[in-house]
Amino acid sequence: MKNRQYSILNYGCQMNESDAEHFAGQLAELGYSYSEDYHNADIVVVNTCCVRESAEKKILGKIGEFKGIKIENTKQILCLAGCMAQKGGEALLKKYPQIDLLIGTAQVNNFKPIILNYLAEHGQRVHADMKINEQEFEGQAVRESTYAAWIPIMYGCNNFCTYCIVPHVRGRERSRSKENIIAEIEKAVAAGYLEFTLLGQNVNSYGKDLGNSNAFAELLKACSEIKGVKRLRYMTSHPRDMNEEVIKIAAQQKSICKHFHVPVQAGSNKILKAMNRGYTKEKFLSLIAMIRKYAPDAAITTDIIVGFPGESDADFNETLELVKNIEFDAAYTFIYSKRSGTPAANFEEQIPLAVKKARLNQLMEIQNINSLKKNKELEGTVQEVIVEGPSKNNSSIWSGRTGSNKLVLWPMEDKEYKIGDLVKIKITAAQTWLLKGIAENE
């Protein structure tokens, strides 16, 4: 019997990376082995993202490629999964007949029975029901990393930011039980994993649907105390729901990484209101002050959108001033992109692309100064780093990350390490986006 193979082409966020691992786990249970060659694979899952237009266009181009592939590999099953599948539905099937199965965002861990049913009967092709089911968070995962594990704790979002498609394609917030989360982490620890990231569209809302407004703080503390957990991260936080208890626990627990990612998106109250972010600039500044009170050495990073509809020069200058004053360690900056199905796509006063690009460049200039300054402060310090492997640009250099998520490079000749090792590195030089150092003698 032919060795059956699968390929997964994954696009998008960390939640998609976790979902891809769950698709892989179920295919492995069915006897399929992984192949990088998606041209000849028996089953291909294209796990999609529709947060930005550029990503969507790239994915549609890849789907188009399979029209020719399936002429050569006539028995190949092409599964379109993720946010584009949820958003596009049957319209995508009509436009791209090479798609065999369409898997919605709430059906990830229901994939095994879906594929078995399709193989047996060539039955239902669309599985985009958003109804919550018991298996939504469960199922085996084939993890891509050998030391770091994604742990989904909740799906969906209730915030409805006016620029964001996520609530429309991921559904309302629903939380996984604390017991199941802890059991998954304990199982991964037993398999040798030491770094864990709790995943959700808005982790600060975890447990509210279960009637517990303090559930995320309790979960963070419980997970950080599991024996064998060396590092604990979480993403993504929403400033609207972040509270003092979460900040205190993150600061106090040794295994929780001292890295706070707090997406501000804009520094103008007018634009924050138009975005439906649910907080003011003043509230955001108070959160940053609270973080620095409890965790003065923590890294603070953010997300910022420039060119949101109606953003005046004065509004943009407020964002620049906020970035100058806070001095984020890093900022992930984006030009506003219309997403069909979101209110902001129909707002008046859309900003010309040339203006958006000019503003982005201004913002990046200031942030680059901040990032370099923050990294320079670490010169001469000793940082604990997890070895990720050889540098992508130089195979004679090790690369790894600090608990504050800063990239560190050091000479491979210092010592032989394994991926996942925790090592002490003395920082000798800082650049805008990375640190360089030497291994400490142990």
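## Close-up views of a predicted model

**View 1. Gln-265 sits in the loop between strand 12 (259–261) and helix 10 (269–275).** As in every view here, you are looking at a predicted model. Take a moment over the backbone of Gln-265: its phi is positive, at about 70°, although this residue is not a glycine.

**View 2. A cis peptide bond leads from Met-235 to Thr-236.** The omega angle of this bond is near 0°. To find the spot, follow the chain into the loop between strand 11 and helix 9 (244–252), where Thr-236 has its place.

**View 3. Three parallel strands make up an open sheet.** Reading across the sheet, the strand order is 7-10-11. Strand 7 (148–152) and strand 11 (231–235) are the edge strands; each has a single partner strand, so one side of each is left without a neighbour in the sheet. On average, and ignoring direction, neighbouring strands of this sheet are turned by 20° against each other.

**View 4. Strand 10 (residues 195–199) and strand 11 run parallel and are joined by five bridges.** If you would like one pair to look for, pick Leu-198, whose bridge partner in strand 11 is Tyr-234. Two helices come into this view as well. Helix 7 (residues 178–190) packs on the sheet and touches strand 7 and strand 10; the direction of helix 7 makes about 165° with that of strand 7. Helix 8 (residues 215–224) also packs on the sheet, but touches strand 10 and strand 11. The direction of helix 8 makes about 155° with that of strand 11.

**View 5. Lys-70 and Asp-100 form a salt bridge.** Side chains of opposite charge can pair when their charged atoms come close. Here the closest N and O atoms are 2.3 Å apart. The pair links distant parts of the chain, with the two positions 30 residues apart in numbering: Lys-70 belongs to helix 2 (residues 53–72), while Asp-100 is in the loop between helix 4 (90–95) and strand 5 (101–103). A search of the whole structure finds 24 salt bridges.

**View 6. The second largest pocket has a volume of about 780 Å³.** Its lining is made of 30 residues. To get your bearings, look for Cys-257, Lys-258, Gln-383, Gly-403 and Ser-404, which lie nearest the centre of the pocket. Strand 15 (382–390) and strand 18 (422–430) each supply at least two residues of the lining. By type, the lining residues divide into 12 charged, 10 nonpolar and eight polar.

Conventions:
Residues are numbered from 1 along each chain as its sequence is written. This is a predicted model: local features need pLDDT of at least 70, side-chain atom pairs count only at pLDDT 80 or more; totals for chains, interfaces and linings use all residues. Side-chain values use heavy atoms; hydrogens and water are left out. On a 1 Å grid over the protein atoms alone, a cavity is a set of points where a 1.4 Å probe fits but cannot get out, and a pocket is an open set with protein on both sides within 12 Å along at least five of seven lines; lining residues have an atom within 4 Å of a point. Grid points are joined across faces, edges and corners, and a volume is the space filled by probe spheres set on the points. Helices (H or I, at least four residues) and strands (E, at least two) are DSSP runs, numbered from the N terminus. Ala, Val, Leu, Ile, Met, Phe, Trp, Tyr, Cys and Pro count as nonpolar, Asp, Glu, Lys and Arg as charged, and the others, Gly among them, as polar. Two strands pair if DSSP finds at least two bridges between them. Axes are lines fitted to C-alpha atoms, for helices over the stretch in contact, and angles run from 0 to 180 degrees between N-to-C directions. Contact means heavy atoms within 4.5 Å. A salt bridge is a side-chain nitrogen of Lys or Arg within 4 Å of a carboxyl oxygen of Asp or Glu.
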